[in-house]
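Reader: I would like to see how the words used for a structure are justified. Please take me through some of them.

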Amino acid sequence: MITKQYHHIVGLWEEAKVKAASINQPVLISYTKKVDQLHPLQFFQAGAHYFPGQRFYWSNPSKSHVMVGAGVTKEFTAGGNEERFHQIEEEWKRFTEQSVRNQESQLIGPVIYGGFSFDPKKEKTKLWSNFADALFVLPTIMLTSIDNETYLTINYWSDCEESHIQELMSIKEELIEGGSSIRHAYAPGIVKCLEMDPNDWKESIQTVTNRISDGVMEKVVLARELRVLFHDEINVDRVLENLLEEQTNSYLFTVERGTDCFIGATPEQLVKKAGNEVHSMCLAGSIGRGATLQEDEKLGKSLLTDNKNIHEHELVVQMIKSALQEVCLDVTTPNEPNLYKMKHIQHLHTPVKASTDKEVSLADLVNLLHPTPALGGYPREISMETIREVEKMDRGWYAGPLGWMDAQNNGEFIVAIRSGLLQGKEASLFAGCGIVGDSDPESEYRETQMKFRPMLSALGGIKE
């Protein structure tokens, strides 16, 4: 049946073909339509049939903004150098400036989603072979749920055949119908967990504390890896469903790259830009949750008065404020941190607000802030050099900036911690700790065990 919507999509296609001929290259077309409410998880599950290994999921802690992408209309990549943030942004800007969009797409779509490795200078391993140092995807079909309104966006090219448009319309309708119910996927059992060089990791902490005591630096974040083996292939849908149920105060993210999937639930925002408003947060200093309300409050109070954690947190606050003051106005923070409570852990947290009255791009902000002392250390350069030297694992996208950019120079990036790389019947989980002069290796080791818990629980490895 030929619908009014189909006529609009074909009309954009005809307009784009004329534009493409004038500039002698294909033009991106983005069509967005408001639809009845759909459950994002249902839509994510339905997308696996048509676009296996090509899905993404992103949501903020309040779930007031959720995006689900399926398929790949275009990939944006950049080399592993200091210009990678701006290279992605500039290429994306060039495509959107030449694009053809309907009115609703001017407000909602198109959007690219992806991330950056933590450190492009770090020696690479095969573990992250499917994830480039800078990689973003323009999805073929995207669901956006924002402030209780739902939109579907279709992205296609001016040089496609009309039969491709017809196919996209058919898939879109089937995705909507397929997203009418959640399929509770099977969770495979864990065979065993392999700790990667725990004793070497503890020794590296002693190496770093000695250097801090010698005045070489103030803080370094060291991470380690836990490899988890399963009886059967890990079901991404089930892991995401578990994270949605368990990590209700976190950003959730999923990026599929063929048979690999990077997934997690992070509490940490790197930066958000909406017009001239800029938001960031400082999250450093951690302690567990109590079994009772009284115990939980006692642990929280001890964190708020612990000199080691307060010092670690203050380094992050000062760095983020200083970085934003280079390009922003009215950079403000509360005088003291509060507690950011999650299911298994609580953190010291300080929100940061700022504004800008000039052409500051999202890439400018990411470049200034990454990595914060919460994930790298302080001072930045010497701490990064130290991590390259003493940390034996390949972080890949762990602790890197992950998020989205729209066509209006707005977007949001998170810090990809509390995460795991799923690969068939195996998963690598990652956790790190801020090391300062008085850090105790055993205490830091226990902290990483606590930070593994969100992903272990989502994978079915913790029964509570």
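Author: The model is predicted, and what follows covers two residues, a pair of helices and the cavities.

Reader: Why is phenylalanine 76 called buried?

Author: Buried means under 20% relative accessible area. Phenylalanine 76 has 0% relative accessibility, so phenylalanine 76 counts as buried. This residue lies in strand E4, residues 74–77.

Reader: Which residues does phenylalanine 76 touch, not counting residues up to four places away in sequence?

Author: Contact means heavy atoms within 4.5 Å. On that basis phenylalanine 76 touches Ile88, Glu91, Trp92, Phe95, Ile112, Ala134, Leu135, Phe136 and Leu138. Leucine 138 is 62 residues apart from phenylalanine 76 along the chain, and their C-alpha atoms are separated by 8.0 Å.

Reader: What makes leucine 422 buried?

Author: The cut-off is under 20%. Leucine 422 has a relative accessible area of 3%, and therefore is buried. Its place is in strand E22, residues 419–423.

Reader: What is leucine 422 in contact with, leaving aside its neighbours within four places in sequence?

Author: The contacts of leucine 422 are Ile234, Val236, Val239, Thr259, Asp260, Cys261, Ile263, Ala427 and Leu459. Leucine 422 and glutamate 256 are 166 residues apart in sequence, with 9.3 Å between their C-alpha atoms.

Reader: How is the packing of helix H9 and helix H10 described?

Author: Two packed helices are described by an angle and a distance, both taken from their axes. For H9 (residues 307–325) and H10 (residues 362–369) the angle is about 145° and the axes are 9 Å apart. The crossing is right-handed. On the H9 side the contact is made by Met319, Ile320, Ala323 and Leu324, and on the H10 side by Leu365, Leu368 and Leu369.

Reader: How do the residues of that contact of H9 with H10 divide into nonpolar, polar and charged?

Author: Ala, Leu, Ile and Met are among the residues that count as nonpolar. The contact has seven nonpolar residues, no polar and no charged ones.

Reader: How many cavities of 30 Å³ or more does the count come to?

Author: A cavity is a set of points where a 1.4 Å probe fits but cannot get out. The count comes to three cavities of 30 Å³ or more. The largest has a volume of about 180 Å³. Its lining has 22 residues, and the closest to its centre are Ala374, Ile417, Arg418, Gly432 and Lys451.

Reader: What gives the largest share of that lining of the largest cavity?

Author: E23 does, with five residues. The lining divides into 11 nonpolar, five polar and six charged residues.

Conventions
Residues numbered from 1 in each chain as written. Predicted model: local features only at pLDDT ≥ 70, side-chain atom pairs only at ≥ 80, totals over all residues. Heavy atoms only, no water. Axes fitted to C-alpha atoms, helices over the stretch in contact; angles between N-to-C directions. Helix = DSSP H or I, 4+ residues; strand = E, 2+ residues; numbered from the N terminus. Left-handed = near helix turned anticlockwise from the far one by under 90°. 1 Å grid on protein atoms, 1.4 Å probe; cavity = no way out; pocket = protein on both sides within 12 Å on 5 of 7 lines; lining within 4 Å. Points joined across faces, edges and corners; volume = space filled by probe spheres on them. Buried < 20%, exposed > 50% of the residue type's maximum accessible area, 1.4 Å probe, protein only.
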